[in-house]
Amino acid sequence: MEDLDQFREETRQWLEANCPASQRLPNTPEEQYWGGRGGSFASEDARVWFERMRDRGWTAPEWPTAYGGGGLTPQQGQILKQEMKRINARTPLYSLGLWMLGPALLEYGSEAQKQEHLRAIVNGEFRWCQGYSEPGAGSDLASLQTRAEDQGDHFLVNGSKIWTTAADRSDWIFCLVRTDPHAKKQEGISFLLIDMASPGVSTTPIELISGDSEFCQTFFDNVRVPKSNLVGELNQGWSVAKALLVHERKLMAEIGGDSPRKEIPPVEAARRYLDFTNGRIADDQLRSDLVEYEMRMHAIGLTHMRSFEERAAGIKGTVGLAMKYLGTEAIKDKNELLLAIMGTRGLGWEAPGFTPEELDTTRLWAMSKAMTIAGGTSEVQLNVIANHVLQLPQAPKAATES
Amino acid sequence: MALVLNEEQRLLAETAGEFLQKQAPVGALRALRDSRDPLGYDAELWRQMAELGWASVILPEDAGGLDFGFSGIGVVLQETGRTLAASPLFATAVVGASALLLGGTETQKADYLPQVAAGELTLALALEESQHHRPHHIATRLEKSGDGFLLSGEKVFVLDGHSADALLVVARSAGETTSRDGLSVVLVPRDTAGVEIERTVMADSRNAANIRFTGVSIASTQVVGTEGEAGHWLDDVLDRGRIAMAAEMLGSVEEVFARTVAWLKERVQFGVPIGSFQALQHRAASLQAELELARSVVLQALTVVDEQPQQLAIMASLAKATLNELARHATNEAVQMHGGIGVTDELEIGFFLKRARTAMQIFGDTGFHKDRYATLCGY
């Protein structure tokens, strides 16, 4: 405990001394640094902050120092997060490489792949995107059809991936591809790393109900991929993908507070947009909805804490599996609640006539609908809880994720 | 670590679980109900529970207590919830003991707490005056008379009211009927003249009573703490009771849910276990997710009693509201998923269903605690 207190004190001092004042203000989407060949810093301060964190290994605090990480224990990592949050320090590097691919490579990658990619991820050299879903393979991910044919010294990849976030700005993509068309669904799938600069790769953005187009469809037309880019064993990609999905769901369960758009907290929105009588919200229905939401978030926050404490104590709990479902459903509830509290001021699509925060509320509401679909729908999450936590028998014919 | 049990608590839970499965399974409550047992609990069981130290878990060592705090009593209550064990544990060892601890004078603590710790003195808080929990809505009067007082009024839903050795009666010394100011608590031995106790038989087969006080003579030494000042500590006592009741309800929910999931695996229809149907899987999985939230809330609330008193009120309302809703939902689903057998008296699920409804009313239903949470948060 004493060592952790000392670590907290040193971390606090280091952050105070090294995090520029401008990097303690809320981040706008334009100011986030995502790295990559095409990445650029919004300011000199952002560059300095990123480089100082990188040099300390703190873009990937809990990765081994051998690959450029910080080598921190989970408890130290948590303290770093808390101390960064305390001064509102910005995330120095946003990266699917850090959050998703890296942990999977640490577990399944060859030494050569770790050497090639982990340090590059820590340093923000390449931006990564994810190629899982296909137009015909959503919740039933294992039915994916993008093929990688063994051509001796390389794979030849044909097919297309959908919901590839920022594929048009990414340098590399990690993909699930079918390497054995005759094997049973999950058994003929491999995990492949593909350089987006390879000939035959192209992307098209997809416009969403929120008006955003963060997502693309990505096409592979006779793309040659070196065999050394296969992660794990041939036809064993499903295990890698499952490990990675766990990281994605954990990320989505925690993501709520990190949205780049400006969001009005529901209680604050109630003060601005609702009538109060004797210190109480006058509308009983909205007051009841608000307190239900607040109590739920209180419970979810405590459950995140419990999950962390269980991990730190070495207990293999079942909490984590429920958190993606609970967290993303709560985000949807929050956005519906905000719309109800703000009335027509929560429905503005464009200026004039609405404040930027009001316009963000509308867009966030539309965006929130994706939260319970991306990374495994709520229905798939419930299948997972039913089969893996409660050990209920597999449904006879219904689609389940195994 | 607040949200993970320590070794001491794990051991206590294990011992309690084994003891109760053997000595007070749900069948024991059924037997008490069917024999119309006059006491409503097994006196021998309570003697054994006291011997195990359960009557004194929250009491300090100088009062003969174990001093394990609420994190300690919480794990025991969770186990009593699992088997629906009827005993004076909640009314005496949690609520009564807390009232004397928080409100009593040093003399009162020295006189009564060791008796409570030994399981020799059982208590009941006579608070409610209507069908809904309104802790400050007290019309029962405590009026000056000579050197002492006269107590008059009617109380309902007094838990253990017909069996307790002494009643802790909430009465008004001054102020409007709805005011928190001017409340007193007096300790009244059950056989005092002017005390009429009417046992009520309720759906959960547990103990409660309606009690009438007609000009009952009260000596000033019977006033817990200072006359008219109980408002300063009564809410804290109730919050401890709410959190303890939430812990008991968590145990009941865990048990009823485990039995439901086991049934889903066992019961075969259309040639397959019904648990393979997605319509039931999703409902069970969503209950599992709610249960995870409830566990965190109860563990945190128990810790807060011991370590962060400034959070007490808000955590008590969060815990009670959360468990009220979950208990309602989980017991309803348990009956429905058991199908026809779920509505028979032979199956024990009905006992959990009925206990849940009573527990939901103890010290505040969901609406009461939602309103209180919102008020505490300033909206």
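Me: How many residues of domain 2 of chain B are in contact with domain 3 of chain B, and what makes it a contact?

Reply: Ten residues on the domain 2 side of chain B are in contact with twelve on the domain 3 side. They earn the word because a contact needs two C-beta atoms, placed from the backbone, within 7 Å. On the domain 2 side, the residues that touch domain 3 of chain B split into six nonpolar, one polar and three charged. Here Ala, Val, Leu, Ile, Met, Phe, Trp, Tyr, Cys and Pro count as nonpolar, Asp, Glu, Lys and Arg as charged, and the others, Gly among them, as polar.

A quick word on what you're looking at: this is a predicted model, in which local features need pLDDT of at least 70, side-chain atom pairs count only at pLDDT 80 or more, and totals for chains, interfaces and linings use all residues. Residues are numbered from 1 along each chain as its sequence is written, while chains are lettered from A and ligands numbered from 1 in the order in which they are written.

Me: What pLDDT does chain B average?

Reply: The average for chain B is 96, and 100% of the residues score at least 70. pLDDT is the predictor's confidence in each residue, from 0 to 100. The model as a whole scores ipTM 0.95 and pTM 0.87.

Me: Where do the domains of chain B begin and end, and how do you know?

Reply: Domain 1 covers 7-121, domain 2 covers 124-229 and domain 3 covers 232-376 of chain B. Those bounds come from an automatic or database domain assignment. Taken over C-alpha atoms, the centres of domain 2 and domain 3 of chain B are 30 Å apart. Chain A gets domain 1 (2-94), domain 2 (128-235) and domain 3 (261-389), with 31 Å between the centres of its domain 1 and domain 2, again over C-alpha atoms.

Me: Why does B:Glu290 count as buried or exposed?

Reply: B:Glu290 has 21 C-beta neighbours inside 10 Å, so B:Glu290 counts as buried. The cut-offs are 20 or more other C-beta atoms within 10 Å for buried, 12 or fewer for exposed, and partly exposed in between, with C-beta atoms placed from the backbone. B:Glu290 sits in helix 8 (residues 278-307) of chain B. B:Thr322 is 32 residues from B:Glu290 in sequence and 9.1 Å away in space, C-alpha to C-alpha.

Me: How many residues of strand 4 of chain B are buried?

Reply: Strand 4 (residues 166-172) of chain B has seven of its seven residues buried. One side holds B:Ala166, B:Leu168, B:Val170 and B:Arg172, the other B:Leu167, B:Val169 and B:Ala171, and all of these are buried. It's called a strand because it is a DSSP run of E, at least two residues long; helices are runs of H or I, at least four, and both are numbered from the N terminus.

Me: What makes strand 4 of chain B a partner of strand 1 and strand 5?

Reply: Strands pair if DSSP finds at least two bridges between them. Strand 1 (residues 123-126) of chain B joins strand 4 through four bridges, running parallel, and B:Ala126 stands opposite B:Val169. Strand 5 (residues 183-189) of chain B joins strand 4 through seven, running antiparallel, with B:Ala171 opposite B:Ser184. Both pairs therefore pass the test of at least two.

Me: How does the radius of gyration of chain B fit a compact globule?

Reply: With 379 residues, a compact globule would be near 21 Å, and chain B has 21 Å, so the two agree. The radius is taken over C-alpha atoms, and the globule rule is 2.2 Å times the number of residues to the power 0.38. Of the 379 residues of chain B, 52% count as buried. Chain A has eleven helices and ten strands. Its radius of gyration is 22 Å, close to the 21 Å that the rule gives for 402 residues, so chain A is as compact as a globular protein of that length.

Me: Which helix of chain A gives the most to the side that touches chain B?

Reply: Overall, 40 residues of chain A are in contact with 34 of chain B. Helix 8 of chain A gives the most to that side, with 16 residues. The chain A side divides into 26 nonpolar, six polar and eight charged residues.
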